[in-house]
Each structure stands twice: as structure tokens, then as C-alpha cells.
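User: Please take a close look at one part of this model for me, and go through it slowly, as I am in my first year. After that, I would like to see how the rest is put together around it.

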Amino acid sequence: MKKSNKETWESLSLFSVIKDRDTINKELNKGLFHLRFSKPVEKAFTNYYFYHSLSLMRISFLLALFIYASFGILDGLVYPEFLKAMWMIRYGVGCPLILAILLYSFYARKEIYLQIVASIGVFAIGITIIIMLMIISSDPSQKYYVGLMLVTFYGYLAVGLRFRYATSAGWAIAIAYFIMSFLLVRPEFHFLISNTFTLFFANLIGMIGNFLFEKSIRRNFLLSNLISIDKEELEKLSITDELTKLANRRYFEDFLDKEWNSAIRYKYPISLLMIDIDFFKNYNDHYGHRAGDECLIKIASALKDFERRHGDLVARYGGEEFMVILSGTDADNGRRIAEEIRKKIMNLKIPHSASTISNVVTVSIGVVTVIPSKNIQKEDIIEAVDKALYQAKSQGRNRTVYVELK
């Protein structure tokens, strides 16, 4: 199925984020006149600029169409004797050209193509003004020369062209004016020099304005990525257990709520596992809290391997307790995975001489599986798995117990 414009732009915007803080700082520290990033950053910026400048470019060309077409009124008032030829150029060439660029912006899929087409369009509109100057060459005042200045400034400052494209279009207009005037119109020498001189400095001013604009956009792009990194890190801290780096209880509850509602809608099972480290208080008392922390980190790392699918989550629930959500996992597989976890923790062979059931660290696991419905609350499954864990500990620990949620 073909993507809509909105989906395309949204997918492009995802690639605009640079995750490496050092890379961003390196780009920020480059000199004033540097207007290009390293290759991966430049690619991300191109997508960012494409996505964020597209609406502005469309509005600019729509406004350009209105302004350009409106000057047809001036054609009739100032040069009625040349009206037919002027309108042929203005409405037969210029307006359709601007409209074509505007329409193309709705189908362009790469920023470079749109920039090239838009810059060629600006140059072509400049050529139409030069042709009009040739048509009215009998008027030594060259009143429409100001139109050439408008097109030049518009290309630099209003259309959203990046520096190299705007510069190419602006100087191409200036060179074309000089050549065509010198060879075809042959105005008085002082007119030609004066106009060319003015157009030269118009390009210089336009280049400075466009350069500063793009430099500012590039800097804002880098700073927005730094802000994005800071925000992501803060969000990650708010949902992550500091010691084990697993999801914390808050995120567990949010995740379960989301999966619960999804399971009600699509009618798939959820298995919930509650895991408790056996005799962990004894472990801390015997080996010390630092060793206890290291034990928790090792177990968390082992449990993390069981986040195998999109709907799976391992979280630290509190103290020495962990929760595992297995979305789309039925009762048989829920029990099987619980046993895999129990055996894997034993195979870590973390010494535990203070345990009364084993010389290594073990865990007890409660397991509950349910197909969520509106008649069951998610709090019910948490209560049920807590009871299952209690039974596992009551029956001697280092075991898994499954209870059915009724």
C-alpha cells in the first residue's frame, strides 16, 4: 500500500534524531563558515529540513504565483502596447511554471530533488523577467528591472532554498541578465553597468541573509537533538530502576495497563511471573549489601534475556522481587518459561552459604495466565500471582507454582 504524505513525512522525521552527544558537540564547535555536517549528520539534517521547510516552501510559491500574476495589471497600465507579448510570457510561461513547482512539492520524495527543481524554477522566473525587459527594450528606463531584483531576493530569502541552491539561482540570473542584455538588448552602457552592479550586490546581500538563515537552522537542528537526548535520558531515568537498569515498578504498571487493554481487544493471553530471591535477607546479612547489589544486578541481567518479544517486559518490582510480563503466552508456555528462569538463576552459581535449601542463589516463582476481559481487573492477576509466589515459598522455595485465575 502506498504511504500517505503525512506518513512519509513522519517516517522522515524519525531519521532526524542524532543520538550521539559527542557528535553533536563536535559539529557545534566547527567554525562560523562551515555549512556542512559530517555525512550521517548531514543526511539527518537533510531529512529534518525537508520535513520542516516543506509547508513554508509551498506557501512561498503560492504567494509568488499571486504576486507574479498580479503584475499583469501593471503590464496593462504601463505597457499596453506590449500587453499581448507580456501576458504570453507571464501567463503562458511564468505562472504555469510556478504552479508546476508548487504541485511537484506534493510528490517530491527527496529534499535534493525539490531544492534543484525550486532553484531552477527561480532562475526560470528570472529569465521571464529578462525576456520582458527585452520586449520593452524601447523604454530606456527599464522599469521592470526592479522585478528582477524581487525575484533574486525572493529566491534567497523567501522560498526556503538552501545556500548552495539559492546562490546558484541568484548568480545565474545575474549572469543571464548581463549576457542577454549585452548581446540582445544593448542598453546604454551606463544602464548596463549600473544594473549589473546593483544586481551583483543584491546577490551578495542575499547570500549573507541566506547563509545566516541556514546556519541558524543547522544550529537549531543540533540543539534540538541535544534537547531530545536530555529528554530521553530523563524519561529513561524516570522509568528505570537505578541499580538493575530494568524497568521500575511505575513503568511495569503502565506497561501492564497498555498490554491488558490490548489483550482485551485482541483476545490473547497474558502470563505474569512474580520472582523472589530465596533468603535474600540472609544473603545481605552474610555477604553485605554491596554483594547483595551485585547479586541483584546478575539476576536482572539473566532475566533481561527473557524479554524476547514486543509485549514482554522484565521489571524490578521492589527489593528482591521481579515481575515478568509475557504477552501472548499461554499457560503451558508460561510455566515452561518460569522453569527456564528458575534453572538459569541456579546455573549462575552465585554462592549462598546462608541459604537453608541450596549452596547457590535460587528463586521462587509464581505464575498466572489469563485472557483479559472486561470482567477481570488487572489488579486481580497481580493478586493471584502474589498468592502463587506465596505458595511456592510455603512449599519449600526454589520452585514454580502456577495458579489459575478464576
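Analyst: Strand E1 (residues 270-277) runs antiparallel to strand E4 (residues 363-370), and 8 bridges join the two. Strands and helices here are DSSP runs numbered from the N terminus, a strand (E) having at least two residues and a helix (H or I) at least four. Two strands count as paired if DSSP finds at least two bridges between them. The model is a predicted one, so that local features need pLDDT of at least 70 and side-chain atom pairs count only at pLDDT 80 or more, while totals for chains, interfaces and linings use all residues. Residues are numbered from 1 along each chain as its sequence is written, and side-chain values use heavy atoms, with hydrogens and water left out.

Along the pairing of E1 with E4, Ile 277 has Val 363 as its bridge partner, and Met 274 stands opposite Gly 366. E1 also pairs with E3, again antiparallel, through 7 bridges, and there the bridge partner of Met 274 is Met 323. In general, the strands of a sheet pair through backbone hydrogen bonds, either parallel or antiparallel.

How well E1 is covered can be stated with relative accessible area, where buried means under 20%, exposed over 50% and partly exposed in between (1.4 Å probe, protein chains only). By that scale 8 of the 8 residues of E1 are buried. Both of its faces are covered, with Ile 270, Leu 272, Met 274 and Asp 276 buried on one side, and Ser 271, Leu 273, Ile 275 and Ile 277 buried on the other.

Stepping back, the strands form an open sheet of 5 with mixed pairing, in the order E2-E3-E1-E4-E5. Its edge strands are E2 and strand E5 (400-404), each of which pairs on one side only. On average, neighbouring strands in this sheet are turned by 20 degrees against each other, direction ignored. Helix H9 (residues 249-266) packs on the sheet and touches E1, E2, strand E3 (321-327) and E4, and its direction makes about 140 degrees with that of E2. Contact means heavy atoms within 4.5 Å, and axes are lines fitted to C-alpha atoms, for helices over the stretch in contact, with angles running from 0 to 180 degrees between N-to-C directions.

The helices that come earlier in the sequence build a nonpolar core, which is a set of buried Ala, Val, Leu, Ile, Met, Phe, Trp, Tyr and Cys residues joined through side-chain atoms within 4.5 Å. The largest such core has 44 residues, of which Phe 61, Leu 148 and Tyr 177 touch the most other members. Among the helices that each supply at least two residues to this core are helix H3 (39-78), helix H5 (111-135) and helix H8 (189-239), and H5 gives the most, with 9 residues. Leaving aside residues up to four places away in sequence, Phe 61 touches Ile 98, Ile 101, Leu 102, Ala 118 and Val 159.

H3 and H8 also meet each other, with axes that come within 11 Å and cross at roughly 105 degrees. They are therefore roughly perpendicular, a label used for angles of 65 to 115 degrees, whereas under 35 counts as roughly parallel, over 145 as roughly antiparallel and the rest as oblique. Where they meet, residues of H3 including Glu 42, Phe 45 and Tyr 49 face residues of H8 including Phe 213, Arg 218 and Leu 222.

Charged side chains add further links, through salt bridges (a side-chain nitrogen of Lys or Arg within 4 Å of a carboxyl oxygen of Asp or Glu). The count comes to 22 salt bridges. One of them joins Asp 305 and Lys 344, at 2.6 Å from N to O. This pair links distant parts of the chain, 39 residues apart, since Asp 305 is in the loop between helix H11 (289-304) and strand E2 (312-318), and Lys 344 in helix H12 (residues 331-347). Glu 340 and Arg 308 form another, their closest N and O atoms being 3.5 Å apart. Glu 340 lies in H12 and Arg 308 in the loop between H11 and E2, so this pair ties together parts that are 32 residues apart in sequence. Glu 340 is partly exposed at 27%, while Arg 308 is exposed at 51%. Elsewhere, salt bridges that share partners join Arg 36, Glu 42, Glu 111, Arg 162, Glu 214 and Arg 218 into one network.
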